[in-house]
Amino acid sequence: MNDRIRELRKTLELSQKEFAQKIGLKQNAISYMEKSGATVTEQNVKAICSQFSVNESWLRTGSGKMFLENEKKQREFFDIFDQLSPALQDYLIRTARDLLDTQTKI
């Protein structure tokens, strides 16, 4: 699991410090978790999976895909949404509703 945590962090293009901040830890905790044979707590596994939409099975065993794709897309969408002005957020919501109506009609 230690190697997979490092692989995940590098895939996300985050430093140990940035990765740690996103899950509420300090950089030295990530450094420790990435060392071969180091114990990773259940709480840290859950935090990593939740924050980064990681497939828990992949993190624990290496089986399956690294990310839970639908959750990853949702997180990306909400990150973008949060950066928009209120007026553009309203526009995006209206557009999404129109797309949903169109999809229903197809």
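A polar contact is a pair of N or O atoms within 3.5 Å. Keep that in mind as we work through this predicted model.

**Exercise 1.** Find where Asn-2 sits and which backbone nitrogen its side chain reaches.

*Solution.* Start with the helix: Asn-2 belongs to α1, which covers residues 2–11. Next, check burial. The relative accessible area of Asn-2 is 10%, so this residue is buried, the cut-off being under 20%. Then look for a partner: the Asn-2 side chain comes to 3.2 Å from the backbone nitrogen of Gly-37. Finally, list neighbours; leaving out residues up to four places away in sequence, Asn-2 touches several residues, including Met-33, Ser-36, Gly-37 and Val-40.

**Exercise 2.** Work out which helix gives the largest share of the largest nonpolar core.

*Solution.* First, take the core itself: it has 18 residues, and Phe-52 and Leu-8 are among those with the most contacts inside it. Now go helix by helix: α1, α2, α3, α4 and α5 each supply at least two of its residues. The largest share, 4 residues, comes from α4. As a last step, follow Phe-52, whose contacts include Leu-8, Phe-19 and Phe-67.

**Exercise 3.** Classify the ring pairs Phe-77/Phe-78 and Phe-77/Phe-81.

*Solution.* For Phe-77 and Phe-78, the centres are 5.7 Å apart and the planes stand at 80°, so this pair is edge-to-face. Phe-77 and Phe-81 are stacked, with 6.4 Å from centre to centre and 25° between the planes. Both of these residues lie in α6, 4 residues apart, about one turn of the helix. To finish, compare burial: Phe-77 is partly exposed at 39%, whereas Phe-81 is buried at 16% relative accessible area.

Note on methods
Residues numbered from 1 in each chain as written. Predicted model: local features only at pLDDT ≥ 70, side-chain atom pairs only at ≥ 80, totals over all residues. Heavy atoms only, no water. Buried < 20%, exposed > 50% of the residue type's maximum accessible area, 1.4 Å probe, protein only. Polar contact = N/O pair within 3.5 Å; in protein donor to acceptor, adjacent residues only side chain to side chain. Contact = heavy atoms within 4.5 Å. Core = buried A, V, L, I, M, F, W, Y, C linked by side-chain atoms within 4.5 Å. Phe/Tyr/Trp six-rings, centres within 6.5 Å; stacked < 30°, edge-to-face > 60°.
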